[in-house]
Amino acid sequence: MRLPVAAFGLPSDNSTTSRKKGSNGSLSTTAVRLRQELISLILSGEIAAGRRLDQRQLAKRLKTTTAPLREAFSALESEGMLVRQQGLGVFCRIYTVLEVEEMVEIRGVLEALAARRATAHISEVNLNDLRRIAAQLAKPIPAGGDQEYMDLHVDFHKKIVQISRSLRLQELLEFHRLIDVILANIVPGLWGTEPHDHLGVVDALASRNPESAEQAMRNHVAPTYHNRFASLRVRFGEGLILPATMHGR
Ligand SMILES: [Zn+2]
């Protein structure tokens, strides 16, 4: 069932998982240049939001071959600027603060439902596992540890959705990683700026009270992002969110 994910205009789960190594550090020199040029084309509006990117035409225009161009595409995908639609190609995608905020709100409601359902199935093994991750997430993030923190964070939330045993929720919440990737790219180090209580969520799940678990997750998701959105609004208003790398990070 791909439809709900496509309805958000977001990449399918396949591309979500295969994008992991798209950080700038692993790019070839040519791909780094192409990434910059593509960003310029997107910003100037020559590649318009929602438009499909013609790989052959772009390779010719940017005087390159398709291999490094694909590399640059992947990097921009992981930054949330491009989106791959299975069988259709790669599209230009730029988010507004409002859009990302909407995604987080939807996440809060759906994950609260997942937490509610999880109370009926959660085992002691599950709880110990979640407690271990929550304790890890409560530690200060070491320099350069943002990526690892993000992976662990997505893992924590995904586990609860899995425990809920709802395949539909699992599919609908595939975009969690995308939200975190977009935010991490825009404002590096932002994870460290907000208290982010995961142990409280585990305690609520351990009570096996559906209402408490639902409420705990509701209170956890949206408030967690509150300061991030405040700082994004200062920088971008209601306009498009652009990755920090473009502002000479
Ligand atoms: Zn969280």
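Which residue just after α11 takes a positive phi? Hold that thought for a moment, everyone, and let me say hello and introduce the protein. One thing to keep in mind as we go: this is a predicted model.

The residue is R208, and its phi is about 55°. I like to start there, since it leads us straight to helix α11. First, though, a quick overview.

The protein has 12 helices and 2 strands. Reading from the N terminus, you meet five helices, then the two strands, and then helices for the rest of the way. Of its 249 residues, 33% count as buried. And if you take contacts between residues at least 6 apart in sequence, 78% of them join residues at least 24 apart.

Now, back to α11, which covers residues 199–206. Which of its residues are buried? They are V201, V202, A204 and L205. These four span an arc of only 160° around the axis, so they sit on the same side of α11. What do they pack against? The partners are α6, at residues 97–118, α7, and α12, at residues 210–236.

Let's look at one of those partners, α7, which runs over residues 124–138. The axes of α7 and α11 come within 9 Å and cross at roughly 165°. The two helices are therefore roughly antiparallel. The crossing of α7 past α11 is left-handed. If you want to find the contact on your screen, look in α7 for L127, L130, R131, A134 and A138, which meet L199, V202, L205 and A206 in α11. Sorted by class, that contact has 8 nonpolar residues, no polar ones and 1 charged one. Notice that V202 and L205 turn up again here: they are among the buried residues of α11 and also take part in the meeting with α7.

My last stop is α6, another partner of the buried residues of α11, and how it packs with helix α8, residues 146–163. Here the axes are 7 Å apart, at an angle of about 55°. That angle is why we call α6 and α8 oblique to each other. Once more the crossing is left-handed, as α6 passes α8. On the α6 side you will find E111, A114, A115 and A118, and they meet H157, I160, V161 and I163 of α8. By class, this contact has 6 nonpolar, 1 polar and 1 charged residues.

A general point may help when you look at lists like these: an α-helix has 3.6 residues a turn, so residues three or four places apart point the same way.

That's my tour. Thanks for listening!

Key:
Residues are numbered from 1 along each chain as its sequence is written. This is a predicted model: local features need pLDDT of at least 70, side-chain atom pairs count only at pLDDT 80 or more; totals for chains, interfaces and linings use all residues. Axes are lines fitted to C-alpha atoms, for helices over the stretch in contact, and angles run from 0 to 180 degrees between N-to-C directions. Angles under 35 degrees count as roughly parallel, over 145 as roughly antiparallel, 65 to 115 as roughly perpendicular and the rest as oblique. A crossing is left-handed if the near helix is turned anticlockwise from the far one by less than a right angle, and right-handed if clockwise. Two residues are in contact if their C-beta atoms, placed from the backbone, lie within 7 Å. Ala, Val, Leu, Ile, Met, Phe, Trp, Tyr, Cys and Pro count as nonpolar, Asp, Glu, Lys and Arg as charged, and the others, Gly among them, as polar. A residue is buried if 20 or more other C-beta atoms lie within 10 Å of its own, exposed if 12 or fewer, and partly exposed in between; C-beta atoms are placed from the backbone. The arc is that of the directions from the helix axis to the C-beta atoms.
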